[in-house]
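Pull up the model and rotate it until you have your bearings. We'll go through it piece by piece, starting from a single loop residue.

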Amino acid sequence: MYSSSSTSSLSSSSFSSSSSFSSSSDKGERVYNKNNEAQLKPSEKKALEELRKKLEMKIKTKTLRSFKSREKEEEEEEVSLWGVPLLPSKQDEGTNPVLVKFLKAREFKVNEAMEMLERTLLWRKEHKIERIMEEDELENEKVMFIDGVDKEGHPICYNNINYGNGEGEERMLMRRRVRSMEEGIRLLRFKEGGVMEMLQVTDLKNTLKRRTINGGDDDGSVKEMRSRSMKAVSVLQDNYPELVHKNIFVNVSFGYYVYNALVAPLISQRSKSKFIFARPQKVTETLLKFISPERLPIQYGGLKRDNDNEFKAEDEVSEKYIRGGEKETIEILIHEAGVTVVWDITVVGWEVTYKEEFIPDDEGSYRVLIRKEMRMGESMRNSFHISEPGKVVLTIKNRTFKRKKIFYRTKTKPTIYLYNLLSKKHHHV
């Protein structure tokens with residue numbers, strides 16, 4: 001269903017996009033963007049101008065022909081892509097950035113870029129891509145979803161791949177991938193200085209699951225996976241050029257490296273330069289190079305939780321290092337009673353033990369063991385009501401010889417303890 005058509009045609013009636021665009025972040029707007037026209041070489045600027053002229057001529061030729069039949073020459077039809085008008089004479093600020101993406105995908109060869117653009121427009125019309133956001137059956141936020149931005153303001157698209165069986169499931173998976181791309185595009189800003197690419201994080205944890213169950217020698221599953229990947233690569237590479245900043249594959253098994261060698265010839269060198277692979281033990285470390293800990297989901301070792309009522313992405317996150325074989329403590333000082341302290345903590349790479357306790361300032365009071373020592377294998381969150389001044393102490397012991405990084409954040413909030421409420425109610429009666 002998704003193979004690219006070899007026919008070059010500009011049919012205007014279905015090409016206009018209803019997508020609306022919103023700013024990704026103020027931070028993202030200030031990021032150096034390699035798609036800026038100012039960064040182009042003289043020869044590349046010349047290619048852009050040539051493509052603009054070709055596009056203007058093609059669109060207006062088609063337009064005049066259709067106007068003549070309708071006798072409405074005073075009108076001008078709309079041809080757009082990703083919400084950006086493509087007719088150069090409209091002087092939209094997004095036109096040049098979009099055209100540059102197609103030029104880059106074809107090494108600034110104008111005729112090839114023009115053909116690619118035409119095929120993309122035709123593909124979108126044939127498969128009704130403009131309506132894909134209305135397909136309710138594609139809504140599955142746990143499979144493919146947009147969640148926040150990276151350190152440079154690129155929207156982050158997470159893909160949890162699990163190849164199903166049958167043509168129906170294959171088609172559904174492909175349309176979900178396309179839909180996630182369309183959702184991410186809505187967050188881009190096609191303008192000078194704007195964020196024009198997204199960060200793709202693809203989780204391969206379940207991709208080779210069946211092959212693992214079968215002992216790793218199921219040639220049929222490898223061929224099937226290769227076939228489906230060929231289609232996905234073809235669709236995304238041919239119709240969404242230069243829209244991905246980095247393509248990070250996480251939870252990559254050794255077998256996937258072998259499989260990837262089979263797929264590599266299908267991918268352009270420009271696309272391959274954006275690929276990053278992370279084995280399970282390197283997932284958090286790799287993702288934190290691009291995503292701040294407060295924006296990285298907890299399943300990948302970050303601090304971000306769905307529907308979080310305690311912390312916001314803007315809340316400050318502190319960091320510490322713990323040397324191999326040593327112990328590190330984090331002390332949360334509380335100088336007044338009647339508050340609840342909440343904390344988040346994660347350790348990159350895990351392989352540490354972790355303990356929580358409350359130590360009162362009054363030496364005559366008892367210490368409270370909040371959480372006994374345990375092996376830490378996920379991001380931790382806890383809270384404790386403070387009934388007297390003291391400190392909450394988080395103790396981390398590094399059992400390895402490698403230095404590790406700790407990320408944590410804390411907050412306190414006034415709290416009327418349930419015991420006090422009950423006591424006051426009883427006294428009032």
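Let's begin with W350, which lies in the loop between strand 10 and strand 11. Strands here are DSSP runs of E with at least two residues, helices are runs of H or I with at least four residues, and both are numbered from the N terminus. Phi of W350 is near 55 degrees, which is a positive value in a residue other than glycine. Is W350 buried or exposed? With a relative accessible area of 18%, W350 is buried. The cut-offs are under 20% relative accessible area for buried and over 50% for exposed, with partly exposed in between (1.4 Å probe, protein chains only).

A word on what you're looking at: this is a predicted model, where local features need pLDDT of at least 70 and side-chain atom pairs count only at pLDDT 80 or more, while totals for chains, interfaces and linings use all residues. Residues are numbered from 1 along each chain as its sequence is written, and side-chain values use heavy atoms, with hydrogens and water left out.

Now zoom out. The protein chain has eleven helices and 15 strands, and buried residues make up 46% of its 429 residues. Take the contacts (heavy atoms within 4.5 Å) in the protein chain with a separation of 6 or more: 77% of them come from residues 24 or more positions apart.

Back to the strands on either side of W350. Strand 10 (residues 339-347) pairs with strand 15 in the antiparallel sense, over nine bridges; for two strands to count as paired, DSSP has to find at least two bridges between them. One spot to click on is W343, whose bridge partner in strand 15 is T410. Strand 15 (residues 404-414) also pairs with strand 8 (residues 318-322), again antiparallel, over five bridges. There, I322 stands opposite K404.

Strand 11 belongs to an open sheet of four strands, in the order 9-14-11-12, with antiparallel pairing. Why does one side of strand 9 and of strand 12 lack a neighbour in the sheet? Strand 9 (327-334) and strand 12 (368-376) stand at the edges and each has a single partner strand, so one side of each is left without a neighbour. On average, neighbouring strands of this sheet are turned by 15 degrees against each other, direction ignored. Inside the sheet, nine bridges join strand 11 (residues 352-360) to strand 14 (residues 390-398), and the two run antiparallel. T353 stands opposite K397 in strand 14.

There's another open sheet to find, this one with five strands in the order 3-4-5-6-7 and mixed pairing. Its edges are strand 3 and strand 7 (275-278); each has a single partner strand, so one side of each has no neighbour in the sheet. The twist averages 20 degrees from one strand to the next. Strand 4 and strand 5 (residues 198-203) run parallel and are joined by five bridges, with N159 opposite T202 in strand 5.

Stay with this sheet and look at the loop between strand 3 (144-149) and strand 4 (155-160), where D150 sits. At 4% relative accessibility, D150 counts as buried. What does its side chain reach? One target is the backbone nitrogen of E152, at 2.9 Å. Another is the backbone nitrogen of G153, also at 2.9 Å. Leaving aside its neighbours within four places in sequence, D150 is in contact with I156, L199, H245, F290 and I291.

Last stop: the helices. Helix 3 (residues 95-105) and helix 4 (residues 110-126) pack at an angle of about 115 degrees, with their axes 8 Å apart. Those axes are lines fitted to C-alpha atoms over the stretch in contact, and angles run from 0 to 180 degrees between N-to-C directions. The contact is made by L99, F102, L103 and A105 of helix 3 and by V110, A113, M116, L117 and T120 of helix 4.

Helix 3 is mostly covered, with ten of its eleven residues buried. Among them are L99, F102 and L103. Just past helix 3 comes E107, with a positive phi near 55 degrees. F108, in the loop between helix 3 and helix 4, has a positive phi of about 60 degrees although it is not a glycine. F108 is buried too, with a relative accessible area of 16%.

Terms used: Polar contact = N/O pair within 3.5 Å; in protein donor to acceptor, adjacent residues only side chain to side chain.
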